[in-house]
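User: I am new to this structure. Please walk me through it.

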Amino acid sequence: MGNKHQNLIKANYFTLVKKMMAIREAEHLYTSNIITDERRQQIEAEKTTYDQNRKLISIILRRGSRAFVGLRMALMKAIQADLSRLLMNNDDDMKSE
């Protein structure tokens, strides 16, 4: 994942950790072949929603650029378009990927 995408996630880290629904997003990321079933289970194993969200972000930050776009799409599919928009910048990365 490029620095630009990492910086967007980090700049919005606290909002994402507070508001995401990691289990829903993880399911979308798994069905899109962005994370493995093992990673999905690691997220689900966390005790609190906050910890699940932290785990998901940690996994995404270590993945390639496909993971960033996948996270944005997963947020859209989980009916969290407001969070997906937080990860946009003036370049509109979804169109350029």
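Analyst: Start inside. This is a predicted model. Its largest nonpolar core has 23 residues, and Ile 9, Met 20, Leu 56, Leu 71 and Leu 87 touch the most other members.

User: Which elements give two or more residues to this core?

Analyst: They are helix H1 (3-11), helix H2 (13-19), helix H3 (22-31), helix H5 (49-61) and helix H6 (65-77). H6 gives the most, with six residues.

User: What makes Leu 71 a member of a nonpolar core?

Analyst: The core is a set of buried nonpolar residues, Leu among the types allowed, joined through side-chain atoms within 4.5 Å. Buried means under 20% relative accessible area. Leu 71 belongs to the largest such set, so it meets those terms.

User: How many helices and strands does the protein have?

Analyst: Eight helices and zero strands. Along the sequence the pattern reads α-α-α-α-α-α-α-α.

User: Why is the protein called as compact as a globular protein of its length?

Analyst: Set the value against the rule. The radius of gyration is 12 Å, and the globule rule gives 13 Å for 97 residues. The two are close, so the protein is as compact as a globular protein of that length. The C-alpha trace spans about 35 × 25 × 25 Å along its principal axes.

User: What share of the 97 residues is buried?

Analyst: Buried residues make up 38%.

User: What share of the contacts with a separation of 6 or more comes from residues 24 or more positions apart?

Analyst: That share is 67%. Here, contact means heavy atoms within 4.5 Å.

User: How far apart are the mean positions of the positive and negative charges?

Analyst: They are 2 Å apart, for 17 positive and 12 negative charges.

Methods: Residues numbered from 1 in each chain as written. Predicted model: local features only at pLDDT ≥ 70, side-chain atom pairs only at ≥ 80, totals over all residues. Heavy atoms only, no water. Helix = DSSP H or I, 4+ residues; strand = E, 2+ residues; numbered from the N terminus. Rg over C-alpha atoms; globule rule 2.2 N^0.38 Å. Buried < 20%, exposed > 50% of the residue type's maximum accessible area, 1.4 Å probe, protein only. Lys, Arg positive; Asp, Glu negative; His and termini not counted. Charge placed at Lys NZ, Arg CZ, Asp CG, Glu CD.
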